[in-house]
Amino acid sequence: IHLTIDRNVQAQAEYLLNEAITQHKAAGGTFIVENPQTGAIIALANLPDFNPNSYGQSPIQSFLDPAVESIFEPGSIMKPVTMSSALDAGVIQTSTEYYDSGRLVLNGHTIFDWDKKAHGWTNMTTVIADSLNIGAAFVENKLGDQAFLNYLYKFGFNVKTGIDLPGEVVGSLRQLTRTHTEPIDWAAASFGQGVSATPIRMVEAISAIANHGVMMQPYIDGDQSPKVVRRVVSVTAADETVTMMEHDVMHGKLAEIPGYNVAGKSGTAQVPNLKTGGYTNQVIDSYIGFAPAHNPKFVALIVLYEPAGAPLSGIGVPYWQQLASFMLN
């Protein structure tokens with residue numbers, strides 16, 4: 001079997017993922033690296049794992065591949081999908097402004113930005129750079145509910161990616177496809193809550209944006225050839241979103257790599273309580289990015305499940321930055 005895996009990148013991804021999980025006392029994690037221009041998987045690491053020589057000593061859930069066999073609510077790494085969709089539809093431009101009063105009340109629920117502050121008149125680039133939930137909800141509202149759902153379908157959130165690995169599952173858009181939906185459902189989905197996806201699907205979605213709007217099918221069999229899935233958004237919409245994601249990196253600093261333009265987005269999502277409904281006090285922290293920004297050779301996603309202390313987004317960024325630096329150097 002000839003794999004697309006680069007053993008050097010794979011080893012580094014496994015090492016850094018272990019470092020991140022140990023440092024932040026996380027329940028587990030996933031690191032995926034893909035070439036967005038071809039769909040080839042360069043590295044795929046999951047923890048906890050198991051020793052094939054003594055697999056009977058490991059719990060059965062360790063045999064699953066969370067990259068393709070588990071789902072999570074992606075949180076703010078969904079915002080570039082929302083933004084590129086609205087740019088593609090022509091309902092906003094990068095210069096479009098809205099007034100951020102610090103809170104948005106829908107169906108008795110109040111949406112806040114992560115910092116609980118009012119940001120006043122704000123443009124679309126700032127929505128991505130400052131990760132503003134109210135801004136994402138504004139963008140979804142301008143796009144319209146049915147159009148937003150149609151773009152989620154175009155990005156493939158309702159189907160498997162088709163990667164050549166066993167057991168792939170599909171995330172859920174049920175909150176948006178029920179007989180009766182509420183405005184709060186659509187607003188929450190715009191910033192990645194109430195909907196779910198596999199890590200590999202999120203890599204595919206952001207890879208389509210990185211690849212100037214064209215989605216490639218992911219594959220790990222090195223004897224396969226690259227396969228185009230479809231164009232998801234226009235070149236202009238994709239490239240404008242990439243520029244916004246560059247501003248996110250420049251704003252946050254942690255993912256910067258000297259000598260390269262880097263595009264990225266961090267995310268934190270609350271973990272649903274599957275017994276009682278609502279959410280627990282646990283979070284899933286993620287970061288996805290690519291470089292060089294406008295001609296990327298890789299897209300990398302790190303996901304940390306339930307790190308201790310329910311931190312705000314960003315704890316995975318230093319490990320992402322180290323892997324990206326390793327690859328570029």
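In this predicted model, F50 is partly exposed, with 33% of its relative area accessible. F63 comes out much the same way in class, counting as partly exposed at 35% relative accessibility. Both residues sit in the loop between β2 and α2 (66-69), 13 residues apart, and their pairing links distant parts of the chain. The ring centres of F50 and F63 lie 4.8 Å apart and the planes stand at 70 degrees, so this pair is edge-to-face. Y55 joins in too: F50, Y55 and F63 make up one aromatic cluster.

The structure holds 6 aromatic pairs, and another of these brings together Y98 and F138. Here the rings are stacked, with 5.1 Å from centre to centre and 20 degrees between the planes. Again, distant parts of the chain are linked: Y98 belongs to strand β3 (residues 97-100) and F138 to helix α5 (residues 133-143), with the two positions 40 residues apart. Y98 is buried, at 4% relative accessibility, whereas F138 is partly exposed, at 21%. The cut-off matters for that last label, because buried means under 20% relative accessible area. One further ring has a charge for company: the charged end of K116 sits over the ring of F112, 5.3 Å from the ring centre.

Now for the strands. An open sheet is built from 5 strands in the order β2-β1-β11-β10-β9, with antiparallel pairing. β2 (41-47) and β9 occupy the edges, each with a single partner strand, so one side of each has no neighbour in the sheet. On average, neighbouring strands of this sheet are turned by 10 degrees against each other, direction ignored. Helix α1 (residues 7-24) lies across β1 (28-34), β2 and β11 (298-305), and runs at about 30 degrees to β2.

Where does β11 sit in the strand order? It is found between β1 and β10. β1 and β11 run antiparallel and are joined by 7 bridges; at one position, E34 has V299 of β11 as its bridge partner. On the other side, 8 bridges join β10 to β11, also antiparallel, with I284 standing opposite Y305 in β11. The link along the chain from β10 to β11 is a hairpin, made through 6 residues.

How many residues of β11 are buried? The count is 8 of 8, so the strand is largely enclosed by the rest of the structure. In a regular strand, side chains alternate between the two faces of the sheet. That pattern can be followed here residue by residue: F298, A300, I302 and L304 point one way from β11, while V299, L301, V303 and Y305 point the other way, and all of them are buried.

Moving out to the edge, β9 pairs with strand β10 (residues 279-291) in the antiparallel sense over 9 bridges. Within this pairing, S266 is placed opposite Y287 in β10.

β9 also contributes to a charged contact. Side chains of opposite charge can pair when their charged atoms come close. K265 and D248 do this through their side chains, forming a salt bridge with 3.8 Å from N to O. The contact falls within the 4 Å limit for a salt bridge, so it is included in the count. K265 lies in strand β9 (residues 263-272) and D248 in helix α10 (residues 235-252); the two are 17 residues apart, and the pair links distant parts of the chain. Buried or exposed, how do these two partners rate? K265 is buried, with a relative accessible area of 0%, and D248 is buried as well, at 8%.

The count of salt bridges comes to 2, and the other one joins D185 to R178. The closest N and O atoms of that pair are 2.6 Å apart. D185 counts as buried, at 10% relative accessibility, but R178 is partly exposed, with a relative accessible area of 35%.

Note on methods:
Residues are numbered from 1 along each chain as its sequence is written. This is a predicted model: local features need pLDDT of at least 70, side-chain atom pairs count only at pLDDT 80 or more; totals for chains, interfaces and linings use all residues. Side-chain values use heavy atoms; hydrogens and water are left out. Buried means under 20% relative accessible area, exposed over 50%, partly exposed in between (1.4 Å probe, protein chains only). Helices (H or I, at least four residues) and strands (E, at least two) are DSSP runs, numbered from the N terminus. Two strands pair if DSSP finds at least two bridges between them. Axes are lines fitted to C-alpha atoms, for helices over the stretch in contact, and angles run from 0 to 180 degrees between N-to-C directions. Contact means heavy atoms within 4.5 Å. Rings of Phe, Tyr and Trp (its six-membered ring) pair if their centres lie within 6.5 Å; planes under 30 degrees apart count as stacked, over 60 as edge-to-face and the rest as tilted. A charge sits over a ring if NZ of Lys or CZ of Arg is within 6 Å of the ring centre and within 35 degrees of the ring normal.
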